[in-house]
Amino acid sequence: MNAIRSLPRLSAVLLAFAACVAPLAQAFELAPLPYPHNALVPVIDEQTMQIHHGRHHKAYVDNLNKAIAGSTLEGKSLEEVVKGIGSAPENIRGPVRNNGGGHLNHSLFWRLLTPGGAKEPVGALKKAIDEQFGGFQALKEKLTQAAMGRFGSGWAWLVKDPFGKLHVLSTPNQDNPVMEGFTPIVGIDVWEHAYYLKYQNKRLAYIAAWWQVVNWPYVAELFA
Ligand code: MN3
């Protein structure tokens with residue numbers, strides 16, 4: 001009799017337990033870098049990559065998981081969360097914007113870089129850049145300007161609008177162009193944590209070297 005009476009209580013306990021562990025199963029995760037930490041030397045040094053990926057990016061992932069735990073955003077994809085930031089619950093919108101953006105931006109950033117590889121865009125992407133900016137050199141100058149003009153922390157981007165047209169813009173903090181309806185295809189992280197150990201305050205030197213490790217075939221995929 002006692003055992004039967006305690007059954008509802010047992011199932012309530014199990015349900016509560018399931019509710020606690022379910023969000024963990026869906027939590028966002030930090031993917032490993034797609035190459036070793038020293039792969040981008042001498043453009044980006046090994047220690048910067050270790051700290052940038054293992055601590056900064058990890059903190060965005062951990063803090064995003066903390067922010068959305070128990071909220072209506074649980075179970076949504078990262079893109080959905082960041083795109084829909086305007087309708088995120090108000091009490092967590094700030095941390096979700098910063099850490100969701102941080103997770104999305106860095107997940108893209110690591111894949112935009114590669115050791116060696118093509119030094120400039122080719123094919124349809126090259127054609128679009130030539131038509132809209134007057135050549136790769138002109139695009140580089142425009143992106144460099146956007147990156148240098150970003151006061152404090154943020155990103156410079158080459159983005160595609162819904163009509164397929166390219167634009168150069170910059171965003172503050174960890175905002176991502178998807179928040180404004182654009183698709184980012186190149187993103188330069190100009191937070192000091194991205195370059196300070198090797199370049200100190202010389203952001204321009206970091207940006208000038210950065211072009212050597214861009215993964216143009218991946219950029220072309222994002223453009224297509
Ligand atoms: Mn960063």
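## A walk from helix α4 to the manganese site

Start by selecting E79, which counts as partly exposed at 37% relative accessibility. This is a predicted model, and numbering runs from 1 along the chain.

**Stop 1: helix α4.** Keep E79 on screen and add K83. The two side chains form a salt bridge, with their closest N and O atoms 3.6 Å apart. Why do K83 and E79 sit about one helical turn from each other? Because they are 4 residues apart in helix α4, which covers residues 78–83.

**Stop 2: helix α3.** Now select residues 46–68, which make up helix α3, and pick out K58 and D62. Their side chains meet in a salt bridge, N to O, at 2.7 Å. Here again the partners are 4 residues apart, about one turn of the helix. Is K58 buried or partly exposed? K58 is partly exposed, with a relative accessible area of 37%, and D62 is partly exposed as well, at 32%.

**Stop 3: a link across the chain.** Next, select D175 and R97. Their side chains meet in a salt bridge of 2.9 Å, N to O. This pair ties together distant parts of the chain: D175 belongs to the loop between β2 (166–172) and β3, while R97 belongs to helix α5, 78 residues away. Colour the two by accessibility and they part ways: D175 is buried, with a relative accessible area of 12%, whereas R97 counts as partly exposed at 31%. The bridges visited so far belong to a count of 5 salt bridges in the model.

**Stop 4: the manganese ion.** Centre the view on the metal. Which protein residues act as donors to the manganese ion? They are H52, H106 and H193, each through NE2, and D189 through OD, lying 2.0 to 2.1 Å from the ion. Along the chain these donors follow the spacing H-x53-H-x82-D-x3-H. Two of them, H106 and D189, link distant parts of the chain: H106 is in helix α5 (residues 93–112) and D189 is in strand β3 (residues 183–189), 83 residues apart. Check their accessibility too: H106 is buried, with a relative accessible area of 0%, and D189 is likewise buried at 0%.

**Stop 5: strand β3 and its partner.** From D189, extend the selection to the whole of β3. This strand is mostly covered, with 6 of its 7 residues buried. Then show strand β1, residues 154–160, which runs antiparallel to β3 and is joined to it by 6 bridges. To see how the strands line up, label W157 and find G187 of β3 opposite.

**Stop 6: a buried arginine without a salt bridge.** Finish at R203, in helix α9 (residues 203–210). How far away is the nearest side chain of opposite charge? It belongs to E192, at 6.1 Å. Because a salt bridge requires the nitrogen and the carboxyl oxygen to be within 4 Å, buried R203 has none. Instead, turn to the backbone: the side chain of R203 reaches the backbone oxygen of A147 at 2.8 Å. To fill in the surroundings, show A147, M148, R150, G152, V190 and Y195, which R203 contacts once its neighbours within four places in sequence are left aside.

Key: Predicted model: local features only at pLDDT ≥ 70, side-chain atom pairs only at ≥ 80, totals over all residues. Heavy atoms only, no water. Donors = N, O, S within 2.8 Å, 3.2 Å for Na, K, Ca; no water. Helix = DSSP H or I, 4+ residues; strand = E, 2+ residues; numbered from the N terminus. Buried < 20%, exposed > 50% of the residue type's maximum accessible area, 1.4 Å probe, protein only. Lys, Arg positive; Asp, Glu negative; His and termini not counted. Polar contact = N/O pair within 3.5 Å; in protein donor to acceptor, adjacent residues only side chain to side chain. Contact = heavy atoms within 4.5 Å. Pairing = 2+ DSSP bridges.
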